[in-house]
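Here is a short report for a reader new to this structure. It starts at the ligand and then moves out along the chain.

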Amino acid sequence: MDSTPHHLKTNHNHNHNNKQKDKIVVIMGATGTGKSKLSIDLATRFHAEIINSDKMQVYNGLDITTNKIPLHQRCGITHHLLGEVDPVLHDDFSPLDFRNLAGSVISDIVSRRKLPLIVGGSNSFVHALLVDRFDPDSNVFDPSSRSFPSSTLRYNCCFLWVDVSMRVLSEYLSLRVEDMFDSGMLDELTEFFSEFPSRSGLKKAIGIPEFENYFKKYPPHDGHGGGVGGDPVRTEEAYMDAVREIKDNTCQLAKKQIGKIVRLKRAGWDLRRLDATEAFREVMSNSNVSGSEVWERQVLEPSVKIVKRFLEE
Ligand code: ATP
């Protein structure tokens, strides 16, 4: 017998069959837009468990470099597929792998009468997970491709899209990269390059290709690479170049992610856009803001309303 509680099922079937579908909430948005923060706030209110959909964060390792939400900020919420995959054993964890694994996690969460909350910036993962029929061979995000994302989905989805104007987001991302280095990103990269596995799913994570030249010049074992405290390293041109590249590539990633989100919206995915630009402006102009009042008013409260209505449908 299906034990799914009523509020996690829908009768409003927009699609071709009448089978009831499980309800899930999906938080989308470019890197750095506050998806993780929103996911914790919603998960605590709606008894949800979080499934990570960032293709680098599924791997174990490089926690600072890939921006995994730290344990102390998770507020006891269960996270799935966050740092669970071995990057060497499974160096090519694909959208199809994600569809299969996250699909069974969703069934499990629903069977325990909790709400699945998908959070992460990899739209290829989100697309693979949600479409009714997934073809691993067609790239629906390639602008020159003939195939378009399908809007026939296998779950009843409530989509929240956290958006920040690119001008404000670039400024914020640049500051975030500085913060990441202050929190020990160079040490983490030094450790990665000192082992440097010939195969690793993390090789493409932003930070790795950008620091390759630096670690060629200053191999991790000769005492330079991890010189976070000693600082002469920081003034090195190779270091500055790598950091600059990371900032640029992070902004490029954000632009590409927004492009993919817009493509999904145009394909008929019912994304509810929440504009967090003002909240980001506020946080950047005032370093003392702990809980942003603008964020609560313009992002959190509308999201809570949207999810509440969705669950009551
Ligand atoms: P693509 O098809 O371009 O891989 P995607 O939607 O599958 O796009 P994205 O999440 O947009 O996946 O990631 C694209 C690339 O951006 C990754 O291969 C990686 O280089 C970088 N990237 C994504 N997420 C992170 C992260 N958390 N940390 C570091 N780099 C990341």
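## Polar contacts with the ligand

A polar contact here is a pair of N or O atoms within 3.5 Å. The model is predicted. In it, a polar backbone atom of Thr 66 sits 3.0 Å from a nitrogen atom of the ligand. Asn 123 also takes part through its backbone: a polar atom there is 3.4 Å from a ligand oxygen atom. For Lys 204, a backbone N or O atom lies 2.5 Å from an oxygen atom of the ligand. How much of the ligand does the protein cover? On its own, the ligand has 590 Å² of accessible area, and the protein covers 81% of that.

## The shell around the ligand

There are 16 residues around the ligand. Those that come nearest are Lys 55, Ser 122, Ser 124, Lys 204 and Lys 260. By class, the shell has eight polar, four nonpolar and four charged residues.

Which helix gives the most to this shell? It is α8, with three residues. Helices α3 (123–130) and α8 (237–266) each supply at least two. Where does the ligand lie with respect to the domains? Domain 1 covers 6–165 + 270–312, and domain 2 covers 170–249. Both give residues to the shell, so the ligand lies between them.

## Asn 123

Asn 123 belongs to helix α3. Is this residue buried or exposed? Asn 123 has a relative accessible area of 3%. Buried means under 20%, so Asn 123 counts as buried. Its backbone has the ligand contact at 3.4 Å. Its side chain has a partner too: a polar atom there lies 3.5 Å from the backbone oxygen of Gln 257.

## Two helices, checked for length

Helix α8 has 30 residues. At 1.5 Å a residue, α8 should span 44 Å. The C-alpha atoms at its ends are 43 Å apart, which agrees. Just after α8, Gly 268 takes a positive phi of about 110 degrees.

Helix α4 runs through residues 166–182, a stretch of 17 residues. The expected span of α4 is 24 Å, and its end C-alpha atoms are 24 Å apart, so the two agree. Which residues of α4 are buried? They are Val 168, Leu 169, Leu 173, Arg 176, Val 177, Met 180 and Phe 181. An α-helix has 3.6 residues a turn, so residues three or four places apart point the same way. Just after α4, Gly 184 has a positive phi of about 110 degrees.

## The loop between β3 and β4

Most residues other than glycine have a negative phi. Leu 62 is not a glycine, yet its phi is positive, at about 50 degrees. Leu 62 sits in the loop between β3 (48–52) and β4 (79–80). Its relative accessible area is 7%, so Leu 62 is buried.

Asn 67 is found in the loop between β3 and β4 as well. Its phi is positive, near 65 degrees, and Asn 67 is a residue other than glycine. Is Asn 67 buried or partly exposed? At 26% relative accessibility, Asn 67 counts as partly exposed.

## Leu 160 in strand β6

Strand β6 spans residues 156–163 and holds Leu 160. Leu 160 has a relative accessible area of 0%, so this residue is buried. Ile 27 is 133 residues away from Leu 160 along the chain. Even so, the C-alpha atoms of Leu 160 and Ile 27 are separated by 4.8 Å.

Definitions and conventions:
Residues are numbered from 1 along each chain as its sequence is written. This is a predicted model: local features need pLDDT of at least 70, side-chain atom pairs count only at pLDDT 80 or more; totals for chains, interfaces and linings use all residues. Side-chain values use heavy atoms; hydrogens and water are left out. A residue is near a molecule or strand if one of its heavy atoms lies within 4 Å of it. A polar contact is a pair of N or O atoms within 3.5 Å; within protein, one must be able to donate a hydrogen and the other to accept it, and residues adjacent in sequence count only if both atoms are side-chain atoms. Accessible areas come from the Shrake-Rupley method with a 1.4 Å probe; for residues, only the protein chains shown count as cover. Helices (H or I, at least four residues) and strands (E, at least two) are DSSP runs, numbered from the N terminus. Ala, Val, Leu, Ile, Met, Phe, Trp, Tyr, Cys and Pro count as nonpolar, Asp, Glu, Lys and Arg as charged, and the others, Gly among them, as polar. Domain bounds come from an automatic or database domain assignment. The expected span of a helix is 1.5 Å times one less than its number of residues. Buried means under 20% relative accessible area, exposed over 50%, partly exposed in between (1.4 Å probe, protein chains only).
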